[in-house]
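Me: I've got a few "how do you know that" questions about a model. Mind walking me through them?
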There are 4 protein chains.
Amino acid sequence: MTRTVGSHGPTTSLAIRKAGLRLITEHGFEAMSLRQLAAEVGLQTASLYNHIKTKQHLLFELIHEHLTALLEQTDAALAQVAGESPTRRLERFVLHHLTYHMEKKREVFVANFELRGLSPENYKVIVALRRRYEARLIAILDEGVAAGMFDLLDTQVAAYAILAMLTGACTWYRPDGRLSTDDVVMLHTKMLLNGCLHLAGGNTPS
Amino acid sequence: MTRTVGSHGPTTSLAIRKAGLRLITEHGFEAMSLRQLAAEVGLQTASLYNHIKTKQHLLFELIHEHLTALLEQTDAALAQVAGESPTRRLERFVLHHLTYHMEKKREVFVANFELRGLSPENYKVIVALRRRYEARLIAILDEGVAAGMFDLLDTQVAAYAILAMLTGACTWYRPDGRLSTDDVVMLHTKMLLNGCLHLAGGNTPS
Amino acid sequence: MTRTVGSHGPTTSLAIRKAGLRLITEHGFEAMSLRQLAAEVGLQTASLYNHIKTKQHLLFELIHEHLTALLEQTDAALAQVAGESPTRRLERFVLHHLTYHMEKKREVFVANFELRGLSPENYKVIVALRRRYEARLIAILDEGVAAGMFDLLDTQVAAYAILAMLTGACTWYRPDGRLSTDDVVMLHTKMLLNGCLHLAGGNTPS
Amino acid sequence: MTRTVGSHGPTTSLAIRKAGLRLITEHGFEAMSLRQLAAEVGLQTASLYNHIKTKQHLLFELIHEHLTALLEQTDAALAQVAGESPTRRLERFVLHHLTYHMEKKREVFVANFELRGLSPENYKVIVALRRRYEARLIAILDEGVAAGMFDLLDTQVAAYAILAMLTGACTWYRPDGRLSTDDVVMLHTKMLLNGCLHLAGGNTPS
DNA sequence: TATGAATGAGAGTTCATTCAT
DNA sequence: CATGAATGAACTCTCATTCAT
């Protein structure tokens with residue numbers, strides 16, 4: 001009754017998803033062929049269809065799983081600083097976003113830059129999830145502005161700008177690069193916090 | 001300056017490039033077919049080859065022309081503030097980057113997110129051009145740090161972060177949206193300048 | 001005669017054959033997929049192979065069973081009018097053919113229009129059975145001609161023509177249509193008998 | 001300026017259609033592969049698409065062209081006997097139907113037995129054409145009944161029966177067979193006319 | 001008896017590109 | 001400068017069938 005270790009339980013499905021992420025990251029979704037994917041996993045192309053519904057659905061699943069996990073973990077992280085100051089909460093958000101994104105580079109990349117490959121219906125679902133994530137940040141910024149601590153013309157645009165910067169990090173960050181994750185986090189945290197804060201001197205750009 | 005009316009020579013080529021930009025933006029380079037492109041311009045597919053060398057070369061041209069123009073205009077813009085303070089120069093850079101990017105949304109998008117479609121040789125050329133552009137910003141940041149005005153752990157990473165934020169703007173910016181270009185420029189300028197400046201109080205993150 | 005309830009052994013096999021007939025009728029043999037068939041019966045495709053040898057063999061079985069039954073019943077019907085006049089025997093043949101065919105529309109359709117799907121060996125077997133059936137009709141026509149009652153140039157061709165007409169009926173006949181089976185039988189019997197009879201006046205076509 | 005004889009004008013398109021008819025007749029529409037078809041014509045599969053829209057559309061075209069021609073020629077034939085007796089007109093119809101069908105066996109076969117391969121929309125169009133053809137025969141039968149010359153319970157059903165018999169002829173008729181076309185025509189004409197006529201003696205089936 | 005997974009073959013269709021006209 | 005036709009490669013996906021469990 002014991003299942004042979006390593007044998008075809010969810011193993012193959014996982015391998016497909018993992019290889020899929022890699023290939024999509026490298027060549028783009030449209031440019032990745034199922035032949036390639038199958039070869040990577042050591043299957044015939046036809047066998048893929050025992051594990052995925054269609055190529056399109058695979059893309060959807062990969063992005064959906066990523067966004068769901070991201071949302072969940074973000075909420076958990078923010079729960080730790082519930083009731084604290086907007087600055088503290090923003091700091092926490094940045095920390096979590098960066099660590100998560102630097103760890104799951106591939107998932108992030110796909111979820112951010114391969115939305116074009118989604119069918120219209122799938123696209124809608126994914127965009128809704130993204131909106132929910134953005135809403136977390138916007139809420140923090142709104143609190144900060146309401147408390148007179150943040151100085152932002154428009155919290156939604158500010159949120160987009162912040163996310164663009166943070167997510168951009170996962171594009172160029174290399175684990176074996178010059179900077180540690182801590183460095184990257186510190187650098188971005190400082191830039192963004194300073195950028196949002198209402199500064200006494202009022203050094204608005206000339 | 002005179003051009004014989006009806007000699008639609010360059011006209012067709014321009015139309016192809018314009019439609020190409022649009023289709024690549026919408027569907028991605030790999031997903032855009034030359035059939036589509038030809039139809040868009042009112043030609044048969046075969047006729048495209050009177051105006052482009054290959055599909056690959058079209059992509060290269062589009063990106064190359066964009067980057068060349070961007071570099072040229074950036075240098076012109078910075079020349080206007082030669083010798084001024086790093087803050088002023090950074091402000092100028094941000095202003096120019098944003099206005100240019102919000103005006104040429106499609107070119108920017110293609111040049112940023114379709115590099116994967118380039119052949120290795122073409123990729124090298126383009127990346128070199130991008131490096132030169134990034135170098136302009138890094139230089140400004142370096143000056144600022146050297147002058148003790150900017151407080152940045154790593155100017156290269158800071159430059160990437162800044163560019164990610166700025167370029168991100170062209171992704172979500174809609175000319176008919178809630179914010180004017182001026183608003184967008186002001187908002188980003190303020191965030192970034194504050195983010196870079198060496199603040200007296202020393203509000204390092206907790 | 002007793003069969004353990006729940007031992008759905010033959011039940012499943014029957015369900016498969018029934019669904020097979022339906023699907024082949026609707027989509028054609030080549031166009032029917034075993035996936036479809038399995039789904040129709042509530043099985044996985046692989047499980048079908050516990051009940052059929054191959055797709056090809058299923059087709060063969062369906063047709064073979066039909067033709068065997070048809071032959072058997074036809075002989076029984078004709079036995080009832082053994083020794084009677086060719087006219088009476090022809091009448092009986094027509095009656096039986098039509099009633100049988102209108103009742104087993106699907107079997108008839110498959111046996112008539114899906115022979116192309118048979119493998120060469122299976123094809124031979126089936127065609128031999130059909131020949132035997134046609135022979136029954138030809139024999140009646142021959143008797144009629146010999147007795148001077150039927151006026152037919154060629155009894156084989158006449159048999160084909162008659163069968164074509166009769167079998168055609170099963171194509172358009174709808175149980176819930178305008179005509180009852182009795183109507184259909186009467187109409188065809190009259191047409192065919194008149195068509196075969198040696199008419200006194202000799203109304204040969206001009 | 002003169003076009004090379006035999007060169008690629010409509011020649012290739014015609015060859016495709018001709019080979020298509022043959023292959024569909026032999027293997028059935030679904031079973032015919034475009035690879036086969038291309039090979040038959042000496043092309044690469046892809047090249048077919050310079051001449052056909054899709055496989056489905058090819059089928060539609062073949063049937064549509066056939067039915068259109070059939071209708072047209074039938075009307076021409078019937079025009080020759082306009083105003084004559086129903087018997088004469090029926091005779092003419094039978095003659096034309098048989099000669100046309102024995103000459104264009106393949107077209108007839110496809111148009112009669114491959115309707116299942118048509119998409120729902122195409123199916124509708126084709127069925128409408130067939131209805132128009134059947135209407136020609138029904139009209140003749142109606143005239144005959146009205147004039148008291150034909151004895152038919154139901155002209156529509158009679159028409160179906162007649163067409164089934166006539167069309168069936170094209171299934172088994174072989175140009176090199178035992179019977180000449182004339183024989184076949186005479187045999188069927190006699191059977192059908194006798195079958196329809198109102199006979200003095202009133203030999204209704206017992 | 002039923003199943004999930006695997007397979008090899010092959011389906012229709014689209015692709016970028018070439019070339020004679 | 002534009003075109004229709006041709007090409008070879010590649011695409012996603014489905015097929016009937018097998019086999020260990």
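Me: What makes a residue count as one that surrounds DNA strand F, and which are the closest?
Reply: A residue is near a strand if one of its heavy atoms lies within 4 Å of it. In this predicted model, 31 residues surround DNA strand F, and the closest are A:Arg35, A:Tyr49, B:His51, C:Tyr49 and D:His51.

Me: Any ground rules before we go on?
Reply: It's a predicted model, where local features need pLDDT of at least 70 and side-chain atom pairs pLDDT 80 or more, while totals for chains, interfaces and linings use all residues. Residues are numbered from 1 along each chain as its sequence is written, chains are lettered from A and ligands numbered from 1 in the order written, and side-chain values use heavy atoms, without hydrogens and water.

Me: What makes A:Tyr49 a polar contact of DNA strand F?
Reply: A polar contact is a pair of N or O atoms within 3.5 Å; within protein, one must be able to donate a hydrogen and the other to accept it, and residues adjacent in sequence count only if both atoms are side-chain atoms. An N or O atom in the side chain of A:Tyr49 is 2.6 Å from a phosphate oxygen of DNA strand F, so the pair qualifies. The side chain of A:Ser33 gets in too, at 3.1 Å from a phosphate oxygen, and A:Met32 does it with a backbone N or O atom at 3.3 Å.

Me: Which part of DNA strand F lies within 4 Å of the protein, sugar and phosphate or bases?
Reply: Of those atoms, 62% belong to sugar or phosphate and the rest to bases.

Me: Why is residues 33–52 of chain A called a "DNA-binding region"?
Reply: That name comes from an unreviewed UniProt entry, and such annotations may be inferred rather than shown by experiment. In the model, this stretch is 60% helix and 0% strand, with its end C-alpha atoms 14 Å apart.

Me: Now the protein side. How do you know that B:Asp151 and A:Lys190 form a salt bridge?
Reply: The rule wants a side-chain nitrogen of Lys or Arg within 4 Å of a carboxyl oxygen of Asp or Glu. Their N to O distance is 3.0 Å, so they pass. Across the interface of chain A and chain B the rule finds six salt bridges.

Me: How many residues are in contact there?
Reply: 47 residues of chain A touch 47 of chain B, contact being heavy atoms within 4.5 Å. The area buried between them is about 3700 Å², with 64% from carbon and sulfur atoms; that's the accessible area (1.4 Å probe) lost on being put together, summed over both.

Definitions and conventions. Buried area = accessible area lost by both parts, 1.4 Å probe. Helix = DSSP H or I, 4+ residues; strand = E, 2+ residues; numbered from the N terminus.
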